[in-house]
Amino acid sequence: MHFFHPKLLDCFKGYNGALFSKDILAGITVGVVALPLAMAFAIASGLKPEAGIFTAIIAGGLISLLGGSRVQIGGPAGAFIVIVYGIVEHYGLANLLLATAMSGVFLFLMGLFRLGTLIRFIPVAVIIGFTNGIAVLIGLSQVKEFFGLQITKMPAEFFQAVQTLYDAADTINPTALGLSLGSLALLIAWRCFQKYLGHLRHLPGTVVAMAAATIITSLFSLPVDTIGSRFGGIPSGLPSFEWIPISWSTAQFVIAPAITLALLGAIESLLCARIADGLIHDRHESNQELMAQGVANLVSPFFGGMPATGTIARTVTNVQSGASTPISGIIHSITLLAIVLFGAPLAKNIPLASLAAILMYVAWNMGEWRKFADLKQFRLPYRLTMLSVFFLTIVLDLTVAIQVGLLLAFITFIYRISSLSRYESASTTDFPELQQHQGQIAAIRIYGAIFFGAVKLLESIEKELPSKVLVLDLKNVIYIDVSGMDALLELEETCKNHGVKLMICGLVHQPYEMAVRGGLFERLADDYIYPDLKQGIATAVSHLNTH
């Protein structure tokens with residue numbers, strides 16, 4: 001089991017009572033912070049509030065227990081809202097549970113096969129595009145509760161959702177709107193003046209806003225929807241284990257959503273872990289984190305949970321509260337469990353309008369809006385990639401958006417790398433002998449990479465062949481792929497057909513290994529390969545003088 005090594009096992013060296021006390025306080029703080037967010041994320045996803053709480057307890061505890069980060073907090077996340085709502089809308093709740101469990105298997109396999117580092121290769125433009133797009137969709141999904149609109153069922157599609165909201169614009173509940181605006185104002189004010197609040201500054205603004213809205217709703221019996229009126233409250237205990245019916249006929253329909261959940265979960269959790277690394281000056285184990293996320297998402301659905309991943313806001317709160325080990329994450333789960341067991345009846349008066357305000361506040365903070373303001377500083381391909389992913393995430397689908405974004409980034413990368421590859425003729429100042437044999441000997445230096453996007457370099461050289469000897473200096477070539485080696489072999493064949501002697505100089509490292517594998521040395525004699533251009537040109541001149 002050397003491949004499965006939770007970070008928790010490495011955290012007890014030098015651990016003492018002082019650190020344990022900090023972990024307990026941080027865990028309790030994060031548990032309180034997680035309560036309104038977990039319920040809000042579940043409700044926005046089309047689920048009951050307890051689904052979010054159970055996920056935070058079970059999946060959050062497993063992620064801390066088995067994960068590869070010292071301080072990461074797992075649970076339901078805002079990034080999943082749009083995906084989960086769409087799955088529930090199109091496939092039903094039972095298939096959401098199946099897709100979540102399947103995503104857990106995919107995540108575990110990604111970690112098992114050491115694919116964690118590959119997630120880092122996703123371009124920043126793609127990540128910013130879909131993160132901002134998800135933030136917009138989260139905000140849109142909360143308009144109904146924020147204004148208290150009378151809408152039976154919100155569609156999952158963007159344009160249909162906008163049309164539905166427009167049609168219901170005359171059903172605004174002024175009381176719900178006032179409660180939403182008050183909650184939002186309190187959240188903003190609490191953040192702005194938190195440092196002046198003394199000991200109260202440790203209280204999270206989301207909890208303060210939710211508590212204040214709940215007290216006001218209860219005291220004045222406000223005519224707004226609450227968790228009690230909509231869902232009947234939350235149960236005061238954990239659900240029992242229930243087996244998810246699994247069959248190929250149903251599983252094949254949710255493979256694509258499961259892959260989407262797995263990829264999004266992997267990206268979110270590893271991004272969050274990297275942010276945590278910067279805060280605590282440590283380094284997480286990405287593959288172990290993916291395996292922990294996989295176990296959590298595999299187990300959670302059997303208890304009615306929803307998809308889980310690393311959560312940036314709760315992780316940052318955990319670090320700022322003094323956490324140093326995964327024990328704080330385990331305490332966070334225990335805290336939520338205690339709240340459910342002893343405080344569930346109090347949740348029935350929580351107004352949905354206040355939770356909508358909290359989610360809008362979260363959505364605004366998760367978006368990187370300054371990146372849009374700075375777009376003019378970047379090149380057109382970067383802007384095109386980011387904006388394409390942003391609009392496609394909103395209008396179509398996150399999966400399509402990421403696919404298009406990766407394709408655009410791939411094309412841009414190929415173009416940029418191919419434009420860096422170039423060739424030039426060796427200077428007659430450095431090699432005066434070339435001047436004497438102009439037209440008979442050509443010495444060409446190639447720079448960059450010879451790959452499928454830059455084989456045109458060799459094709460251009462074919463059109464400028466000398467009459468006797470072509471000397472290629474590959475000293476500054478850092479990479480050759482299969483297509484590049486094929487093009488090099490074709491150049492050798494063309495030279496042979498034209499009676500031109502081809503000499504290769506400066507093959508090192510990967511290009512040398514590729515030449516061996518590609519059979520270049522078998523087609524060229526030993527006296528056609530030289531370590532540097534100087535020797536190659538000298539031999540070429542000597543060859544002409546002796547013939």
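Arg 370 is exposed, with a relative accessible area of 72%; exposed means over 50%, buried under 20%, and partly exposed in between (1.4 Å probe, protein chains only). Arg 370 sits in helix α17, residues 370-373. Helices are DSSP runs of H or I with at least four residues, numbered from the N terminus. From Arg 370 to Asp 486 the C-alpha to C-alpha distance is 46 Å, across 116 residues of sequence.

This is a predicted model, in which local features need pLDDT of at least 70, side-chain atom pairs count only at pLDDT 80 or more, and totals for chains, interfaces and linings use all residues. Residues are numbered from 1 along each chain as its sequence is written, and side-chain values use heavy atoms, with hydrogens and water left out.

**Nonpolar cores**

- The largest nonpolar core holds 85 residues. Such a core is a set of buried Ala, Val, Leu, Ile, Met, Phe, Trp, Tyr and Cys residues joined through side-chain atoms within 4.5 Å.
- Helix α1 (residues 17-44) gives the largest share of this core, 11 residues.
- Leu 47, Ile 53, Phe 130, Ile 227, Leu 264 and Leu 355 have the most contacts inside the core.
- Ile 53 is in contact (heavy atoms within 4.5 Å) with Leu 35, Ala 38, Met 39, Ile 234 and Val 340, leaving aside neighbours within four places in sequence.
- Another core lies apart from the one that includes Ile 53. This other core has 27 residues, among them Leu 458, Leu 474, Ile 480 and Ala 487.

**Helix α1**

- The 28 residues of α1 reach 40 Å from first C-alpha to last, close to the expected 40 Å. The expected span is 1.5 Å times one less than the number of residues.
- A bend of about 30 degrees falls at Ala 34 in α1. The bend is the angle between axes fitted to the seven residues ending at a residue and the seven starting there.
- Pro 36 follows within four residues of that bend.
- At the start of α1, a side-chain oxygen of Asn 16 comes within 3.2 Å of the backbone nitrogen of Ala 18.
- Gly 46, just after α1, takes a positive phi of about 85 degrees.

**Aromatic pairs**

- The whole structure has 16 aromatic pairs. Rings of Phe, Tyr and Trp (its six-membered ring) pair if their centres lie within 6.5 Å; planes under 30 degrees apart count as stacked, over 60 as edge-to-face and the rest as tilted.
- Phe 4 and Phe 108 make a tilted pair, 6.3 Å centre to centre with 35 degrees between the planes.
- Phe 4 lies in the segment before α1 and Phe 108 in helix α4 (residues 93-112), so this pair ties together parts 104 residues apart in sequence.
- Phe 4 is buried at 17% relative accessible area. Phe 108 is partly exposed at 24%.
- Phe 158 and Phe 159 pair edge-to-face, 5.1 Å centre to centre and 75 degrees between the planes. Phe 159 counts as exposed at 56% relative accessibility.
- Ring pairs also link Trp 364, Trp 369, Phe 372, Phe 390 and Phe 391 into a cluster.

**Buried polar side chains**

- Asn 318, in helix α14 (residues 312-320), is buried at 0% relative accessibility.
- The Asn 318 side chain reaches the backbone oxygen of Val 71 at 2.8 Å.
- Asn 318 and Ser 328 share a side-chain polar contact of 3.1 Å. A polar contact is a pair of N or O atoms within 3.5 Å; within protein, one must be able to donate a hydrogen and the other to accept it, and residues adjacent in sequence count only if both atoms are side-chain atoms.
- Not counting residues up to four places away in sequence, Asn 318 touches Ala 26, Val 30, Val 71, Ile 73, Ala 323 and Ser 328.
- Ser 418, in helix α19 (residues 398-420), is buried at 10% relative accessible area.
- A polar atom of the Ser 418 side chain lies 2.8 Å from the backbone oxygen of Tyr 415.

**Positive phi outside glycine**

- Arg 114 has a positive phi of about 60 degrees although it is not a glycine. Arg 114 lies in the loop between α4 and α5 (124-141) and is partly exposed at 42%.
- His 281 is not a glycine either, yet has a positive phi of about 55 degrees. The loop between α12 (255-280) and α13 (286-299) holds His 281, which is exposed at 72%.

Notes
Helix = DSSP H or I, 4+ residues; strand = E, 2+ residues; numbered from the N terminus.
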